[in-house]
Amino acid sequence: MDVPSVPAHRDGAARRARAIAQAGSVAAAIEAGLLADTVDCSVCEALVIGLLKQGVRKYLAIFGHGSTDLAEVLRLYAAAGAVRVYAFRNEVAMAHAATALRWQYGEQVAVVTSIGPGALQAMAASLAAASNGVGVWHIYGDETTHDEGFNMQQIPKHQQGLYGQLTAVMGESYVLHTPQALRAALRRGSIRVNHPYGAGPFYLLLPINVQPQGVQGLRLASLPDTFAAPPTVVAGDAPLAAAVDLVHRHRRIVIKAGGGTRRFAKQIRALAGAVDGVVVLSPGSLGVLADDDPRNMHVGGSKGSLSGNGAMAEADLLIAVGTRAVCQSDCSGVGYPAAQAVININGDLADAAHYNHTVMLPGDIGEVVGRLVAALSARPPSAAAAWRAACAERKRRWQEICVQAATCPALRDDVWRRPVLTQPAAIGVVQAMARAAGATCLFDAGDVQANGFQLARDTAPLQTITEAGASYMGFAVSALVASGMADRPQRVVAVTGDGSFMMNPQVLIDGVEHGVRGTIVMLDNRRMAAISSLQIAQYGAAFATNDGVEVDYVALAGSVKAVRALHGGHTEAALRAALAEAFAYDGLSFVHVPVYFGPDPRAGLGTYGRWNVGNWVDEVQDMYRAQNL
C-alpha cells in the first residue's frame, strides 16, 4: 500500500519540534523567533504543543489504531528531543508508573492508549491516582464523530459518547469533539491535574477522525499555561477563635494527619506542640512526624497500631487535617468514640464537613495551620501532661510489639514444609537495608502493605510509599518503573506479594527497557494472605484465596535478560546477603523470599481497629448509630 501524502498542515511539524527543543520551551522558541506565534497544524500537534506549555514532556504509551495520528506527532517531537515517549506492555502497569512519576517525583506526565480495552484498563488503574490525589493526564482514543457505524473496540451500543460518560464518572473528562475546543480542554485538564487539594486524573478523549484534522491560524499564546492557584485561607477571625476555644476545653487532643499533610510536615509538628497533643498518621502520611518523635503515635485505622488506635479511641477532640476519613483511616466511622468535637482543616468543603460538631477551617493546610498556631500562641492552652504520658506508654508497648514481630524466629510453614521467615521479620530486614542504602520503599497491597506501613520508621515524607487509597494489587512493582524515567531517579525497593507481583509481571521487561535501577522483593506465601486472614478472623476458615501451584519465581524473573534474580533464603542472614547483592547490581534485581502463613500469633502485629465488613457489620454499624460525631 502506498503511503498517503503528508497533509499540508503537517508540513513543518518536525521543524517546530526542533525549534521548541532548541529553545527549551514554547515561549522561548517564540521569543527567539524560532517559532511563529500563529501556526497551522493538526489537532494532535496542537495538543502536544499545548501540553508542552504546561510542562508535560513525558508520555507513557501503548499505541493502537485509535491513536496512530498522535503517535506520529509524538514520533516527530521525540526525534527532535522535545518530548520523551516510553512504550509499555500493559495499560494498568503503565498508568501506575505514571501515577508514581507524579507522586514520587512531581513530574508532569501523560498516559496514552488506544480506544477500547486499553483505555478501560488504564482507566481502571487511574483509581490509584484518584484515590491518592495525584494529577495525571490520561489521553485515550475515542469513536469517530461521523457515527458511520461501530468503530472497532468501541462499546457496541447505539448510544453516543459512552467512553466520555465512563471517564466522567471516574473523575473529570473532556471529549474533544470540536478541534477549536482544545483551549478549554487544556485549561480544565490543567486545573484537575494541578489542583492544590483535589488533584486527580484528567481524561482527554480524542475521536479517531478528529486527531488528524487541521487547525488553521492557531495562536499558541492562546493555549493556557499551567494552572497554579494561590494559597487560600479561612476568612475572618471567628472560626479561628472557635477552634482555639475547643482546644482550651479539651485536653486529650489527637491530630489525624491525612495524605494531604505530606507537604506540610513542619506545620503539623508545630500544631502538635501548640495544642500539646499527639499525631496519628495515615498510611499515606508516613514521615510527617519522625518515627521517634514522642508525639507520633504511628498509623491509626482498621489496620492501625496499638498506639495510634488507642489515641484515637480516647481523644476528646479530633483535629482532622488533610484527610478524607476513609474507612481504613477512621475505622469505618467509629474510630473516635470519645471525641466530643472536631476541628477540620481541609481545602475541600465536603471533606471539611465530614463530621458533626465541627469547626471548619477550609483552605491551604500550611496557611490555615499557620494562622491557628499563631492564635494559640497568643492564647496558649494548659499543658496536657497526663494525656501525653498515657500516649507515651502506649507507644512504648507498640514499639515492643514491633520489635518482637520483626525479630520472630523462622517458623515451620505447611506449604514450604520447612521453617521460613515471617513477613514482619523479612520486611524489617528489607526496610533497614533500604534505609541504609538511601532507597525509597514501595509497598504493594495486602499483608505486605499492612505490615510495611506498621513497621515503617520514616523520618520524612515519601521515604515509604504505599497505595492505600485503592489498595491496588500490582501498584508497587509497576511504580518501580517510574525511577527509570525520572529526571532525578532515586534508588527504589518494591516489596510485593506473590499475588500482587503476578498482576503485573511484565514490569520486569518494562523495568529493563527503561533503565530501572531498583529491586523487587517478593514475599511468597502462595496466597492472598490479607484476605485469608480476614476470612479466618471472621468465619474461621480461608476459602479460594490460595493455590497449589508451585512456581520457580527466580527462574521466571531470571528469564528476562539483564534482571538479576536471586533467592532470598530462609533466614535473616541469607536475606541480607541476597539484598546486598541485589542492591549492588546496576540494574533491575529480583529477590524471592518464601514467608510463613499460619496460626502462630508471633507471625503478625495484631489488629486494633474496626471495619464495616463481613460479620463485623452489625457491631460496627451499631457503634456508628450510637455516636454523635
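The second largest pocket in this predicted model holds about 1,200 Å³ of space. Its lining is made up of 48 residues, and those closest to the centre are K303, D447, A529, A530 and S533. In terms of elements, helix 17, helix 18, helix 20 and helix 22 each put at least two residues into that lining. Helix 20 runs over 498–503 and helix 22 over 529–539.

Just ahead of helix 22 there is a backbone detail to look at. R526 sits in the loop between strand 20 and helix 22. Its phi is positive, about 55 degrees, although R526 is not a glycine. Is R526 buried or exposed? It counts as buried, because its relative accessibility is 12% and the limit for buried is under 20%.

There is a second case to set beside that one. R417 is in the loop between strand 15, residues 411–413, and strand 16, residues 418–420. Phi of R417 is near 55 degrees, again a positive value in a residue other than glycine. The surroundings are another matter: R417 has 57% relative accessibility, so it counts as exposed, the cut-off being over 50%. A third positive phi, also about 55 degrees, belongs to D276, just after helix 11.

Next, the enclosed spaces. Rolling a probe the size of a water molecule over the atoms shows where empty space is left. How many cavities of 30 Å³ or more are there? The count is two. The largest cavity contains about 100 Å³ of space. It has 16 lining residues, with L286, D291, H298, F453 and A456 nearest the centre. Two elements give two or more residues to this lining, namely strand 11, residues 296–299, and helix 18, residues 447–455. Strand 11 gives the most, with three residues. Helix 18 therefore comes up twice in this talk: it supplies residues to the largest cavity and also to the second largest pocket.

Now to the helices, starting with helix 24, residues 572–584. With 13 residues at 1.5 Å a residue, helix 24 should span 18 Å, and its end C-alpha atoms are indeed 18 Å apart, so the two values agree. The buried residues in helix 24 are L575, A578, L579, A582 and F583. They take up an arc of only 130 degrees around the axis, which means that they are on the same side of the helix. The spacing rule behind this is familiar: an α-helix has 3.6 residues a turn, so residues three or four places apart point the same way. On the face turned away from that buried side, helix 24 carries the exposed residues A573 and A584. What do the buried residues of helix 24 pack against? Their partners are helix 17 (423–436), strand 19 (492–497), strand 20 (518–524), strand 21 (563–567) and strand 22 (588–594).

Helix 11, residues 265–275, is the one that D276 follows. Its buried residues are A265, I268, L271, A272, A274 and V275. These pack against helix 10 (238–249), strand 9 (253–257), strand 10 (278–281), strand 12 (317–321) and helix 15 (365–378).

Helix 8, residues 162–170, has L162, Y163, G164 and T167 as its buried residues. They pack against helix 6 (117–125), strand 5 (137–142), strand 6 (172–175) and strand 7.

Strand 7 brings us to two single residues. The first is N194, in the loop between helix 9, residues 182–193, and strand 7, residues 202–207. N194 is buried, since its relative accessible area is 14% against a limit of under 20%. The side chain of N194 makes a polar contact of 3.0 Å with the side chain of R102. Setting aside neighbours within four places in sequence, the contacts of N194 are R102, Q108, T226 and F227.

The other is L47, which lies in helix 3, residues 43–53. L47 has a relative accessible area of 1%, and so it is buried. Leaving out sequence neighbours within four places, L47 is in contact with I139, L182, L186, L204 and L206. As a distance for orientation, L47 and T99 are 52 residues apart in sequence and 21 Å apart in space, taken C-alpha to C-alpha.

How values were computed
Residues are numbered from 1 along each chain as its sequence is written. This is a predicted model: local features need pLDDT of at least 70, side-chain atom pairs count only at pLDDT 80 or more; totals for chains, interfaces and linings use all residues. Side-chain values use heavy atoms; hydrogens and water are left out. Helices (H or I, at least four residues) and strands (E, at least two) are DSSP runs, numbered from the N terminus. Buried means under 20% relative accessible area, exposed over 50%, partly exposed in between (1.4 Å probe, protein chains only). A polar contact is a pair of N or O atoms within 3.5 Å; within protein, one must be able to donate a hydrogen and the other to accept it, and residues adjacent in sequence count only if both atoms are side-chain atoms. Contact means heavy atoms within 4.5 Å. The expected span of a helix is 1.5 Å times one less than its number of residues. The arc is that of the directions from the helix axis to the C-beta atoms. On a 1 Å grid over the protein atoms alone, a cavity is a set of points where a 1.4 Å probe fits but cannot get out, and a pocket is an open set with protein on both sides within 12 Å along at least five of seven lines; lining residues have an atom within 4 Å of a point. Grid points are joined across faces, edges and corners, and a volume is the space filled by probe spheres set on the points.
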